[in-house]
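Please look over the sequence and the 3D structure shown here before reading on. The notes that follow are arranged by topic.

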Amino acid sequence: MSLNRSLVRCVLFAGVAWAALADAASAQTYNRLVVFGDSLSDNGNLALATNNALPGYPSQRFSNGPVWVEYLNSTILNLGPLQNYTGSATNGQSIDLAFGGARTDTLNGLAPPGIPTQISLYSAFGGTFGPNNLVTLWGGANDLFQGLDALSTPVGAQATMAGIATAGAGNVAASAAQLSTLGAKTVLIPNVPNLGLTPSYNIDAATSALATYSAATLNANLLADMRATAAAHPGTNYILMDTYSILNAVVADPSAFGFTNVTQACVSVPSCVNASTAAQNRYLFWDDVHPTTYAHYLLAQAAAQYVYAPTLALYSGSLGEMGVTDRKAAAERGLDRLRDHAGSTDKNDYFVDAIGNFGSSKATDERYKYDYETGGVNFGLTRNIGNGFTLGAAGNIDTGKVHAGNGNVLSYDPTQFSADILAGYRSGQFFVNGTLGAGVSLYNSWKRKTVGPLANTADSSGSAFSTVAEAGYDFKTGMFTLTPIARLGFIAANVDSFTENGIVAPIHYNSRTIDAVTGAAELRASAAVLQDKDRQVNIFGLVGYGDFLSYHGDTVKGILSNNISQPFVSQLTKMGGDGLLLGAGVNGAYGAMRFNVSYRAGLGAGHGSGAQHQVTAGLRYEF
């Protein structure tokens, strides 16, 4: 089969989820996959048992290629081949025990084995679950298919199907409980897709509505039953996967996912069934109720979003770090304004600066890379009140964009509003300056890509506080001045809790706080290149080193929203400090007006740190 071209297209439309995991190690590690279920998860078991009398397709699957658990096992978890059920298994290998036609109960006996029988067979041949095994349990559709097909009259159809759906949900929950009893620690349970959208049932409005009702009823009962099961089995993390909503989204906007046909079965259309795999994958459905392998690939990408939610939550770590970065930059600009103050006693020295910040953080085992660009305005005044003392105030407004992860998996718009109180003292060539500041942060238009065009969105907010002080001494020799400066500060940033809105694995994030003590030492060299009555021009450069002297960042805590899964805690490595400091600029005066242009960079210190840059250009006027 010509699957390569199909997979290229899969990457174009759905590879975002895999890219999200590729640039940071997972907070959880799965070393084996064990699969129970029906035809949606059958990787060839029924074909082996019937010599491919069923399903009878060339792939020996109920699709035109691998099913979702195969992609999950081999492409995402990177665990090699997914073993078929042959009556025995090695506990170190991934294994699939799902059979096409399986019900959630044992009414079919052993032909094919229902999900409870699959679990019993697995246990009987010595199958066990390790602490890092991932188990999938997907069933219920066949119960509904058989119920719908057996209806002879529409009278009482909803009541009949409600009973079947309720029983099916209870059976899945009972199987989930049995898996916990056998030692399973993580169980992923997809709900039933919207069967009313499948070619088998989308033939007319009434048939479609009843199939949709049946699936929705089973899913509602499954959620309730699994809440009770999860409470009774706290040693197992059960994760529900919403395939019902995913299918609705695909059918609502097929082209966004790469499909051209979402209503017909490929096997029923000669031009499709006789085409290449890539062409077949333009169809959502392979047959009347089963998806094409490309659709299975999308399901695997969705599954990754659920089972790796604790890892993906690390993206939120950039929020607090942006608060720290902005607050630190604002405090340093305040120190610069105090250092540059040259106004007369009892007169205000007003200033306004255009500001820009840009930088990055590198990916490590426990963090994602991100890049940011912000710009805005810094404004305020300083005033010499006599006896060497200068007081002032500054305000900062800046906004911009953050992009995180490979392929810009995450983006959001940070906006900061902050204010600083400035105070300085100079005695001859010695000076001491300090700032005390606070601000609020808005993190708007949070967009975390999940599967294809789907993304989870949110807005959040936060706050930050800082107090920074420096001391220095000007060594003047003719037109040159050398100024060594030592700086010490405390910065704290908080991000409020927030919840994503979305179809695939939305996350609720707990609030998070970072607090750090910063230190830096730098040497500034300046030269007065123009000095006359009305005009002054000075150029300067700096070199130094800065880093966090202490750093505490809360772990990333959260939980899948509208789910039954357990809360998670993910460790995030600390953000990098300034590292080597470099800078240059020019300032001067023309009459009562003064100007300044400066550039400052920290090249990064610590594992995962990236370069950070600050650009400032402004005017000052004494009044």
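**Strands, sheets and a buried arginine**

Strand 20 (residues 535-553) pairs with strand 23 (residues 579-590) in the antiparallel sense over 12 bridges, where strands are DSSP runs of E of at least two residues, numbered from the N terminus, and two strands pair if DSSP finds at least two bridges between them. This is a predicted model, in which local features need pLDDT of at least 70 and side-chain atom pairs count only at pLDDT 80 or more, while totals for chains, interfaces and linings use all residues. Residues are numbered from 1 along each chain as its sequence is written, and side-chain values use heavy atoms, with hydrogens and water left out.

**Around strand 23**

- Within the pairing of strand 20 and strand 23, glycine 544 has leucine 581 in strand 23 as its bridge partner.
- Strand 23 is also joined by 10 bridges to strand 24 (residues 593-602), and these two run antiparallel; here glycine 583 stands opposite arginine 600 in strand 24.
- The hairpin of strand 23 and strand 24 has 2 residues between the strands, and in this hairpin glycine 591 takes a positive phi near 65°.

**The parallel sheet**

- An open sheet is formed by 6 strands in the order 2-3-1-4-5-6, with parallel pairing.
- Strand 2 (83-84) and strand 6 (237-241) stand at the edges of this sheet, and each has a single partner strand, so one side of each is left without a neighbour in the sheet.
- Strand 4 (residues 133-138) pairs with strand 5 (residues 186-190) in the parallel sense over 3 bridges, and valine 135 stands opposite valine 187 in strand 5.

**Arginine 32**

- Arginine 32 lies in strand 1 (residues 32-37).
- Arginine 32 is buried, meaning under 20% relative accessible area with a 1.4 Å probe and protein chains only, yet it has no salt bridge (a side-chain nitrogen of Lys or Arg within 4 Å of a carboxyl oxygen of Asp or Glu).
- The nearest side chain of opposite charge, aspartate 96, is 11 Å away from arginine 32, where Lys and Arg count as positive and Asp and Glu as negative, and His and the chain ends are not counted.
- The side chain of arginine 32 makes a polar contact with the side chain of tyrosine 122 at 3.0 Å; a polar contact is a pair of N or O atoms within 3.5 Å, and within protein one must be able to donate a hydrogen and the other to accept it, while residues adjacent in sequence count only if both atoms are side-chain atoms.
- A polar atom of the arginine 32 side chain lies 3.0 Å from the backbone oxygen of threonine 128.

Technical notes:
Helix = DSSP H or I, 4+ residues; strand = E, 2+ residues; numbered from the N terminus. Buried < 20%, exposed > 50% of the residue type's maximum accessible area, 1.4 Å probe, protein only.
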